[in-house]
Amino acid sequence: MSVADLGHVRTGHIHPPPDTFVKKYVFSLDHKVIGVQYFITSGLFFVLAGLLAELMRAQLTGPNNHVLSVATYNEAFSVHGSAMVWLVTIPVLTGAFGNLIMPLQIGARDVAFPWLNMVSFWMFPPAGILLFGSFLFGAPQAGWTEYPPISLQMPFGTSMWCMAIFLIGVSSTITGINFLVTIVKMRAPGMTWTRMPLFVWATGVTAFLSFIATANLSAALAGLFIERTFGVPFYDPAKGGSPVLWQHVFWFYSHPAVYIMILPAFGIVSEVLPTFCRRPIFGYKAIAYSSVSIGLLSFMVWAHHMFTSGLQHWEQFAFMALTMLIAIPTGIKIFSWLATMWGAKIHLCSPLLFVLGFLSTFTFGGITGVLLASVPVDIHEHATYFVVAHLHYVLFGGSMFGIFAGLYYWWPKMTGRLLDERLAKLHFWLMFISFNATFLPMHWIGLHGMPRRVATYDPIYASTNLFVSISAFVLGLSFLIFAYNALRSAKQGEVAGPNPWGGRTLEWMISSPAPYYNFDEIPIVLSGPYDYGKPLPYANIKPELATVPTH
Amino acid sequence: MASHAATADDALYTEVAGQRLLGFLFFLISDCVIFGSFIFVYLYIRNASPVWPPAGVERPGLYLAAVNSIVLFGSGATMHYAMEAIRRANVRRFTAFTVATIILGCMFLSGQAYEYTHLHDTWAGSTFGASFFTLTGMHGFHVFIGVIFLITVLVQTLRGTYTPMRHFGLTAATLYWHFVDVIWVALFFLFYVY
């Protein structure tokens with residue numbers, strides 16, 4: 001039966017199949033193609049931003065190296081941070097996974113506004129070009145946070161940084177609106193809120209954060225840009241402005257952004273665990289509602305980044321207490337995941353390995369986060385390598401391990417082919433060990449007082465830094481295994497079939513890769529998705545696709 | 001069966017319009033955040049400054065702004081009556097009220113242009129000017145977009161695009177216009193009264 005003959009009212013989002021190459025692969029309206037476009041673009045930016053990190057580590061192999069000049073070193077860490085946050089982690093977790101998986105999981109044929117989705121993607125590559133192109137005009141040197149007054153004194157590259165991040169901010173706002181409307185309005189019949197897969201919960205909360213917080217970032221960036229370009233005084237203390245004001249408006253966005261970068265990874269973990277433990281997720285509602293409470297709390301903690309910026313004591317105390325509150329919903333998630341694994345017959349496949357990596361490193365980063373939330377500790381550790389170690393444990397150990405868990409998990413759905421498990425495991429162990437070898441020692445040199453964002457250091461830290469740099473090079477190389485595995489899978493990967501892992505969410509109930517309209521008939525959802533041991537909770541699904549896993 | 005087909009079609013329109021309405025509301029919320037962010041900036045700088053307005057800066061006069069506010073709020077009322085008219089399929093009444101709204105919007109913009117050209121302070125001149133021109137300028141730009149929006153839906157209505165049942169474009173335009181009104185309440189209070 002063709003989709004057009006269904007006679008069902010839910011045909012509103014059907015756009016005609018593309019007839020030209022450009023419509024199919026370039027200006028595509030299909031959420032699955034757009035998802036892959038995000039993956040490829042972010043992947044390229046990931047390589048560039050990763051190379052910048054390796055250059056920084058090359059400079060830091062010895063205390064007085066001259067691999068990079070001091071100014072170039074500043075540019076490298078500023079662009080590395082900005083690119084990893086805005087061009088890699090956020091677009092992959094929202095644009096890529098959200099587009100590729102969320103509409104499939106709610107049983108929709110596309111997102112609510114396919115055309116806006118395309119526009120939103122096409123703001124992203126120009127943003128990346130502006131950001132990396134800023135090297136030609138004197139790249140920003142004040143770190144990814146671009147605090148004034150330094151950011152007001154730098155050459156044109158910093159204005160390009162403003163434009164790039166503004167563009168990516170608008171794109172992310174549009175995507176957020178699009179996704180939240182899709183989730184609220186387009187779930188398959190019978191999919192009540194508490195029958196939604198947990199990745200959809202996470203994507204929904206992230207979408208909400210995206211269009212609220214990111215709008216505020218756009219305003220802050222517009223202010224910085226017009227101050228730099230027209231001399232309009234907002235942040236310059238010499239003209240009556242306030243540099244601390246920038247910190248307020250910037251962190252009012254950027255703390256929610258931390259959760260934009262971690263909530264979808266939480267969602268991925270919540271999908272992978274039940275599949276490979278073959279049992280219902282423990283505490284479904286607790287996990288779902290803790291995502292919501294993390295999202296709301298994230299708006300009330302921004303000033304914990306500013307404990308050394310001259311806040312009042314009562315403000316410091318309030319932000320410390322609110323920040324520590326976030327450990328409660330996060331802890332609820334961690335314990336629910338552990339309880340899901342407790343006593344289960346665990347299938348130790350590559351996605352689950354990355355989830356286990358996520359759980360150990362993210363929990364560690366979460367604990368150093370609670371330490372840093374405490375005002376007296378933070379005043380001591382502020383702007384040292386301890387902070388660098390903490391943020392890489394949550395953003396690399398958390399988000400990046402989550403991203404790879406999701407990539408290994410949904411690769412068969414995306415491409416229709418399997419990745420090689422042995423190479424995947426090799427990738428995991430190399431990445432996990434070299435990650436910890438890179439970032440764990442940074443805690444120690446940070447506690448000793450080595451400042452971050454400086455191109456040189458006291459010779460007493462030399463041996464640790466050399467060890468860190470060598471580990472960082474190995475960490476960089478570990479991604480080559482993934483690249484090789486991906487290329488190999490395209491050429492000679494085993495055909496995956498609709499449901500290689502035995503998942504029970506809706507994306508596994510259709511062929512791989514998903515057909516153009518996703519679902520011939522919109523499925524009807526009868527209960528929640530994780531009830532292993534019970535019959536599948538769907539009607540209108542072809543029975544031959546819903547059978548047991550092959551792998 | 002024509003009548004049956006029309007029903008399914010109506011249901012589809014309602015569903016799509018519902019999605020667009022929610023999306024448009026989310027857009028307005030994020031727009032509110034942008035204004036809110038700049039209002040926070042204004043209040044922060046004002047609070048940190050020992051004297052306000054900063055020395056040598058003259059605040060814009062209340063009377064012109066008050067007249068302009070009445071013009072803008074009046075346009076909110078005419079917009080409301082225009083929507084009432086389209087619900088009763090009275091296109092002529094709708095046209096009259098929409099044209100009135102557009103004229104009032106243009107009057108507001110002219111008033112703002114007059115105010116801008118007669119102020120001594122400039123955008124880059126002081127911290128007051130920075131926030132004043134940024135916020136009222138953003139608002140004026142929104143009014144300008146709103147006028148274009150209204151002209152577009154008026155032309156569409158005269159061509160018969162909208163019916164009493166199907167007028168999402170008109171709903172969006174009305175919401176947008178009222179939103180711009182509400183933002184002005186905050187700006188008027190902040191810059192002319194407070």
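Here is a short chat about a predicted model and how its chains A and B are built.

Q: What's the secondary structure of chain A like, in helices and strands?
A: Chain A has 18 helices and two strands. Keep in mind that this is a predicted model.

Q: What radius of gyration does chain A have, and what would a compact globule have?
A: Chain A comes out at 23 Å, which agrees with the value near 24 Å for a compact globule of 551 residues. Along the principal axes, its C-alpha atoms fill a box of roughly 70 × 50 × 50 Å.

Q: And how much of chain A counts as buried?
A: 57% of its 551 residues.

Q: What about contacts, how many join residues at least 24 apart?
A: In chain A that's 82% of the contacts between residues at least 6 apart in sequence.

Q: Let's zoom in on α4(A), residues 114-122. Which ones are buried?
A: P114(A), N117(A), S120(A) and F121(A) are buried there. They sit on the same side of α4(A), because they cover an arc of only 115° around the axis.

Q: What do those buried residues pack against?
A: Four helices of chain A: α2 (31-59), α3 (70-105), α5 (124-133) and α7 (157-185).

Q: Switching to the interface, how many residues of chains A and B are in contact?
A: 27 residues of chain B are in contact with 30 residues of chain A. On the chain B side, α1 (2-48) and α4 (127-158) each supply at least two residues.

Q: Which gives the most?
A: α1(B), with 21 residues.

Q: How does that side of chain B divide into nonpolar, polar and charged?
A: There are 19 nonpolar residues, seven polar and one charged.

Methods
Residues are numbered from 1 along each chain as its sequence is written. Chains are lettered from A and ligands numbered from 1 in the order in which they are written. This is a predicted model: local features need pLDDT of at least 70, side-chain atom pairs count only at pLDDT 80 or more; totals for chains, interfaces and linings use all residues. The radius of gyration is taken over C-alpha atoms; the globule rule is 2.2 Å times the number of residues to the power 0.38. A residue is buried if 20 or more other C-beta atoms lie within 10 Å of its own, exposed if 12 or fewer, and partly exposed in between; C-beta atoms are placed from the backbone. Two residues are in contact if their C-beta atoms, placed from the backbone, lie within 7 Å. Ala, Val, Leu, Ile, Met, Phe, Trp, Tyr, Cys and Pro count as nonpolar, Asp, Glu, Lys and Arg as charged, and the others, Gly among them, as polar. The arc is that of the directions from the helix axis to the C-beta atoms.
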